[in-house]
Amino acid sequence: MDNFISETDFERYRNLIYDESGIHFSSSNRTILESRLKERLRKQNISTVGEYYTILTRDRAEMKALLDAVTTNLTRFFRNTAHFQTFEYYILPDLIKWKQKKGDRSIKLWSAGCSTGEEPYSLAMAMKELLPPGFKIDITASDLSLKSLMTAKEGFYSDMKMNGVIDRYLNKYFEKKPGGYQVKEEIRNLIKFDYHNLKFESGLKNLDIVFCRNVIIYFDEAAQEAVINKFYDAMSNHAFLFIGHSESLFGMNTKFEFLKTDWACIYQKMLEK
Ligand SMILES: C[S@@+](CC[C@H](N)C(=O)[O-])C[C@H]1O[C@@H](n2cnc3c(N)ncnc32)[C@H](O)[C@@H]1O
């Protein structure tokens, strides 16, 4: 079968996408890039990839739309039970103790690459259940997919998407509506959804927990290392990092320490015990 784009155009597009986002298309993923490009060209009524490339170099909004189109946004509520067990049985008790010792009653979490919001909402519900009264929950959730962020902000999920949410949470934190469930205000209010490209500085500081799961898998090693080191700098001196269970910092030049809990392996920045 003929390729939709020439080798040279493939190189140009993959370099552009990489420079803009860290997302790396290997030759084996070429067909994915081609089909997403085709979709943008059809939507914008543009006939050649050359013409589209020229538009991308001048039109930031179209560049954002292309980046959105090349992302994979698969997610679900309480994805990876072992991570949530670690979060509930290890991380939160540890942080509560640490914070109480310091006289600080807030926990700051970042869900980086939050997609359509199931991850930060799951975390918000767990925190709401487990933090002592009076503790402030401060969650930032970000992504570079504007389409996904719109769903996340709306907080409405079809019945099909509710697998993984236990009945108690479903009854307590969601309102049943025709065709699905709406996340209640008391949970939505805990999260600030933001457009953010992980290529750039977030401006976040003193984070206690970072979740960046199933995101760096799309980056090459250099882009992975850059983003992981940015997390380190944005975290407090006693903080925890979750990456996807198929992702690893092995071989990477980072200051994070490996932490094996009874449920899952995660990473920590532990400059203060
Ligand atoms: C597969 S989803 C993971 C969602 C969630 N963290 C989870 O594990 O279920 C990956 C998300 O990373 C986002 N992403 C990819 N590259 C990004 C970048 N450079 N900056 C911010 N978000 C990015 C995508 O838009 C997508 O929504």
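Which residue in β5 does Lys-176 stand opposite? The panels below take that up, along with other spots in this predicted model.

**Panel A. Close-up of the β4 and β5 pair.** The answer is Tyr-181, which sits across from Lys-176. Strands β4 and β5 run antiparallel, with 4 bridges joining them. If you want to find β5 in the sequence, look at residues 180-183.

**Panel B. The open sheet that holds β3, β5 and β4.** Pull back a little and you get 3 strands in the order β3-β5-β4, paired antiparallel. The edges belong to β3 (156-158) and β4 (174-177); each has a single partner strand, so one side of each is left with no neighbour in the sheet. On average, neighbouring strands here are turned by 30° against each other, ignoring direction.

**Panel C. The β9-β10 hairpin.** Here β9 and β10 make a hairpin, with 4 residues between the two strands. Strand β9 covers residues 257-260 and strand β10 covers residues 265-270, and they pair in the antiparallel sense over 4 bridges. One pair to look for is Leu-259 with its bridge partner in β10, Ile-266.

**Panel D. The shell around the ligand.** Count the residues surrounding the ligand and you get 25. The closest are Thr-71, Thr-75, Gly-113, Ser-115 and Leu-198. By type, the shell splits into 13 polar, 7 nonpolar and 5 charged residues.

**Panel E. The ligand and the two domains.** Why does the ligand lie between domain 1 and domain 2? Because domain 1 (7-70) and domain 2 (81-270) both give residues to the shell around it.

Conventions:
Residues numbered from 1 in each chain as written. Predicted model: local features only at pLDDT ≥ 70, side-chain atom pairs only at ≥ 80, totals over all residues. Pairing = 2+ DSSP bridges. Axes fitted to C-alpha atoms, helices over the stretch in contact; angles between N-to-C directions. Near = placed C-beta within 6 Å. Nonpolar A, V, L, I, M, F, W, Y, C, P; charged D, E, K, R; others polar. Domains from an automatic or database assignment.
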